[in-house]
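Please open the structure in a viewer and keep the sequence at hand. The tour below proposes a series of selections and describes what is found at each.

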Amino acid sequence: MNRHGAIDLDWAGGTHTFRLGLGEIEELEAGVDMSVFLLHAAMSAQVPFSRLKHYSETIRLGLIGGGMKPIEARVLVKRYVDERPLSESVALGQVILRAAMERVHSESLEDGEPGEQQAPRSNASTSAPSGAMPS
């Protein structure tokens, strides 16, 4: 799956695609009651002040945004995040969130998929083209 902001990572016994699109980011912000910018700061601080829910929701929504069915994502997160030491999920949560914030592009991004597009060339003028000069 090659989509804007998507990353493929080995986790929970397999390779999974994680992506936080706009819908997942909005759900994450509502679920943890903070912006993704504050959440990123909480996860990245020298002494992290984030909570288990911050990591589990980031990972769960990343899996869903990557194309996994919500129930499957919930089962994996319960087994590999909620029931395991938090230290095992810290780096994963950080990477998923950072990829979303930086809008990582897949190396094989195909035409027609979301992502940055080439801006059209212009003559650098902000004025409309003029006709004949007044006499």
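The tour begins with the whole chain and then proceeds to single elements and residues.

**The whole chain**

The model on display is predicted. Display the protein as a cartoon first: five helices and two strands are present, and along the sequence they follow the pattern β-β-α-α-α-α-α. Next, colour the chain by burial; of its 135 residues, 35% count as buried. A surface display shows the exposed area of the protein, about 8700 Å², of which carbon and sulfur atoms supply 52%. If contacts are drawn between residues with a separation of 6 or more, 64% of them join residues 24 or more positions apart.

**The hairpin**

Select residues 7-11, which form strand 1, together with residues 14-18, which form strand 2. How do strand 1 and strand 2 run? The two strands are antiparallel, and five bridges join them. One pairing to display is that of Ile7 in strand 1 with its bridge partner Phe18 in strand 2.

Two residues separate the strands of this hairpin. Centre the view on Ala12, which lies in the loop between strand 1 and strand 2. Its phi is near 55°, a positive value in a residue other than glycine. Is Ala12 buried or exposed? Ala12 has a relative accessible area of 18%; buried means under 20%, so Ala12 counts as buried.

**The nonpolar core**

Now select Trp11, Phe18, Leu20, Leu28, Ile59 and Leu63. These residues have the most contacts inside the largest nonpolar core, which has 26 residues. Two or more residues of this core come from each of strand 1, helix 1 (22-32), helix 2 (36-44), helix 3 (52-65), helix 4 (70-82) and helix 5 (90-102). Which element gives the largest share? Helix 5 does, with five residues.

Remain with Phe18 and show what surrounds it. Leaving out residues up to four places away in sequence, Phe18 touches Gly5, Ala6, Ile7, Leu9 and Trp11, among others. Further along the sequence, its contacts include Ile59, Gly62, Leu63 and Gly66, as well as Leu92 and Ile96.

**Helix 1 and its two sides**

Select helix 1 and turn the view until it looks down the helix axis. Glu24, Ile25, Leu28 and Val32 are the residues to highlight, being buried. Why do the buried residues line one face of helix 1? Viewed down the axis, they fall within an arc of 100°, so they share one face of the helix. As a general point, an α-helix has 3.6 residues a turn, so residues three or four places apart point the same way.

Add helix 2, helix 3 and helix 5 to the display; the buried residues of helix 1 pack against these elements. On the face turned away from the buried side, select Leu22 and Ala30, which are exposed.

**Glu29 and the end of helix 1**

Still in helix 1, select Glu29. With a relative accessible area of 26%, Glu29 is partly exposed. Apart from neighbours within four places in sequence, Glu29 is in contact with Met34, Ser35 and Val36. Show the distance from a polar atom of the Glu29 side chain to the backbone nitrogen of Val36: the value is 3.1 Å.

Follow the chain to Asp33, just after helix 1, in the loop between helix 1 and helix 2. Asp33 is not a glycine, yet its phi is positive, about 55°. At 70% relative accessibility, Asp33 counts as exposed.

**Thr58 in helix 3**

The last selection is Thr58, located in helix 3. Draw a line from the C-alpha of Glu29 to that of Thr58: the two residues are 9.6 Å apart in space and 29 residues apart in sequence. Is Thr58 buried or exposed? Thr58 is buried, with a relative accessible area of 0%.

Display the side chain of Thr58. One of its polar atoms lies 2.6 Å from the backbone oxygen of His54. Beyond neighbours within four places in sequence, Thr58 is in contact with Leu20, Leu28, Leu39 and Met43, and also with Gly93, Ile96 and Leu97. Leu20 and Leu28 were selected earlier among the core residues with the most contacts; here they appear again around Thr58.

Notes: Residues are numbered from 1 along each chain as its sequence is written. This is a predicted model: local features need pLDDT of at least 70, side-chain atom pairs count only at pLDDT 80 or more; totals for chains, interfaces and linings use all residues. Side-chain values use heavy atoms; hydrogens and water are left out. A nonpolar core is a set of buried Ala, Val, Leu, Ile, Met, Phe, Trp, Tyr and Cys residues joined through side-chain atoms within 4.5 Å. Buried means under 20% relative accessible area, exposed over 50%, partly exposed in between (1.4 Å probe, protein chains only). Helices (H or I, at least four residues) and strands (E, at least two) are DSSP runs, numbered from the N terminus. Contact means heavy atoms within 4.5 Å. The arc is that of the directions from the helix axis to the C-beta atoms. A polar contact is a pair of N or O atoms within 3.5 Å; within protein, one must be able to donate a hydrogen and the other to accept it, and residues adjacent in sequence count only if both atoms are side-chain atoms. Two strands pair if DSSP finds at least two bridges between them. Accessible areas come from the Shrake-Rupley method with a 1.4 Å probe; for residues, only the protein chains shown count as cover.
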